[in-house]
Amino acid sequence: MTLIKSISGIRGTIGGPVGQGLTPLDVVKYAAAYGSWVKTQATTSKLIVIGRDARLSGDMVSRLVAATLQGLGLDVCDLGLSTTPTVEMAVPAKNAAGGIILTASHNPKQWNALKLLNAKGEFISDTEGQQVLASAESEDFDFAPVTKLGQYTVDNTFLKKHIKAILALPLVDVEAIKARNFRVVVDAVNSSGGFAVPQLLEALGVTTVEKLHCEPTGDFAHNPEPLPEHLRDIAKVLERGGFDLGIVVDPDVDRLALVSENGEMFGEEYTLVAVADYVLKALGGGNTVSNLSSTRALRDVTEKAGGQYAAAAVGEVNVVTKMKETNAVIGGEGNGGIIYPELHYGRDALVGIALFLTHLAKSGLTMSRLRNSYPSYFISKNKIELTPEIDTDNVLVQMQKRYAKQPVNTIDGVKIEFDKEWVHLRKSNTEPIIRIYAESDSNSTADYLAQKIIGDIKEIIAVKA
């Protein structure tokens, strides 16, 4: 597996020869490139905040990154085992010049990554990312003399500050949560959520917490992406009864999935829908944003509350940019990523938990009844593999022309809307693949739409051949 260079950073598998995966040499090169880029920015700070999830390679990668940044003359504040949103909040709180989160998010345990933040604690833009990549390719690094090496400090307190800031939010009602006396099961896939989520729940007054895979060993107990097929353990616990809900986070705690009291999945797409519904009702309306591949249900609850919904290209930085443009009160991605600007502009499972529990407490409903109160949509996720000689961009252009009579959005691939149904086509940046997501109010219709589009693509390819 070669390195994957995307808008959110550099990632790859650990181990193997140079050129195959994320090697220690790669870690040093890209950390040096990022540090060199930071030094060109208009900031008086020379502090970089770093933090990591619990994956097996985390400590090694963290030490390499810290030493490299020090070698450039930059100071390093290491939060150690932490969460992505905690690092994001720490950067501006410490007046740092930037931050690096060492996590491969939902990828399996053999992966790791460097996720790069600007001075606001937000992911760097695509343009800035290209500058970092160019610096890495040139390897034109200006390391500091021995008398000007950067300093290294550790801060193990910032998670508490993160939780304190969540509790201080006007829409987080600790007393309402305490009064419901929730009984909760937590699956943190043996990473940072194993200590972060229970600490938050304790602060919210939740006294009954069953911990499942909460030892931060980095030896993931199951595939870390919080999809239904990977969450059988927590589903079985809830099926036996005695609990009100299940909470699942990915290794770096920026994605939140919920499980109902009967063991049924609440649905990652509906994490954002439910939290947005609560926020919109509490504020008397407001605007929302999600990416083009997220459920229409967010648009439905937004318009019902008198607000306006906007779609962004896939990628957290794109969603954040659109949220700022539209002054959105809440937004995120359909993978369980909640972005609540009142706290910070980053996906944050911890604030998502606090807002959701407040919503559930005040509703007086069970998880399953709350889920049934929302418009029900189903997303069919598919892909079609193309041979390398096929012009993927031209295929998308031809699809746009074929459906020109329908509303079409081309800010990120091609999204075609059919009344309350849609199909989104996006090409992969790393493989000759077109991903095809389709949504409808039934599984069978969503699957039919996806297969219809796949058939259209095959026809276009056949004509070109």
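**Figure 1. Helices α9 and α12 of the predicted model cross roughly perpendicular to each other.** Here we look at helix α9, residues 268–283, where it meets helix α12, residues 349–363. Their axes come within 9 Å and cross at roughly 70°; angles of 65 to 115 degrees count as roughly perpendicular, and that is therefore the description of this pair. The crossing is left-handed. On the α9 side, the contact is made by A274, V275, D277, Y278 and V279. Helix α12 brings G352, L355, F356, T358, H359 and K362 to meet them. Sorted by class, the residues of this contact come to 6 nonpolar, 3 polar and 2 charged.

**Figure 2. Helix α1 packs obliquely on helix α2.** This view takes us to α1, which covers residues 24–39, and α2, which covers residues 58–71. The two helices pack at an angle of about 40°, and their axes lie 9 Å apart. That angle makes α1 oblique to α2. Helix α1 passes α2 in a right-handed crossing. From α1, the residues to look for are P24, V27, V28, A31, A32 and G35. Their counterparts in α2 are V61, L64, V65, T68 and L69. This contact divides into 9 nonpolar and 2 polar residues, with no charged residue taking part.

**Figure 3. Seven strands form an open sheet with mixed pairing.** To find your way across the sheet, follow the strand order β1-β2-β6-β5-β3-β4-β7. The edges belong to β1 (4–6) and β7 (152–154). Each of these two has a single partner strand, so one side of each is left without a neighbour in the sheet. From one strand to the next, the twist averages 15°.

**Figure 4. Strands β3 and β4 pair in the parallel sense.** Zooming in on part of the sheet, we meet β3, made of residues 47–52, and β4, made of residues 75–81. The pairing of these strands runs over 5 bridges. A handy landmark is R52, which stands opposite L81 in β4.

**Figure 5. The close-ups belong to a chain with 15 helices and 20 strands.** This last panel sets the scene for the others. The chain has a radius of gyration of 22 Å, close to the 23 Å that the globule rule gives for 465 residues, so the chain is as compact as a globular protein of that length. Along its principal axes, the C-alpha trace spans about 65 × 65 × 40 Å.

Note on methods
Residues are numbered from 1 along each chain as its sequence is written. This is a predicted model: local features need pLDDT of at least 70, side-chain atom pairs count only at pLDDT 80 or more; totals for chains, interfaces and linings use all residues. Side-chain values use heavy atoms; hydrogens and water are left out. Axes are lines fitted to C-alpha atoms, for helices over the stretch in contact, and angles run from 0 to 180 degrees between N-to-C directions. Helices (H or I, at least four residues) and strands (E, at least two) are DSSP runs, numbered from the N terminus. Angles under 35 degrees count as roughly parallel, over 145 as roughly antiparallel, 65 to 115 as roughly perpendicular and the rest as oblique. A crossing is left-handed if the near helix is turned anticlockwise from the far one by less than a right angle, and right-handed if clockwise. Contact means heavy atoms within 4.5 Å. Ala, Val, Leu, Ile, Met, Phe, Trp, Tyr, Cys and Pro count as nonpolar, Asp, Glu, Lys and Arg as charged, and the others, Gly among them, as polar. Two strands pair if DSSP finds at least two bridges between them. The radius of gyration is taken over C-alpha atoms; the globule rule is 2.2 Å times the number of residues to the power 0.38.
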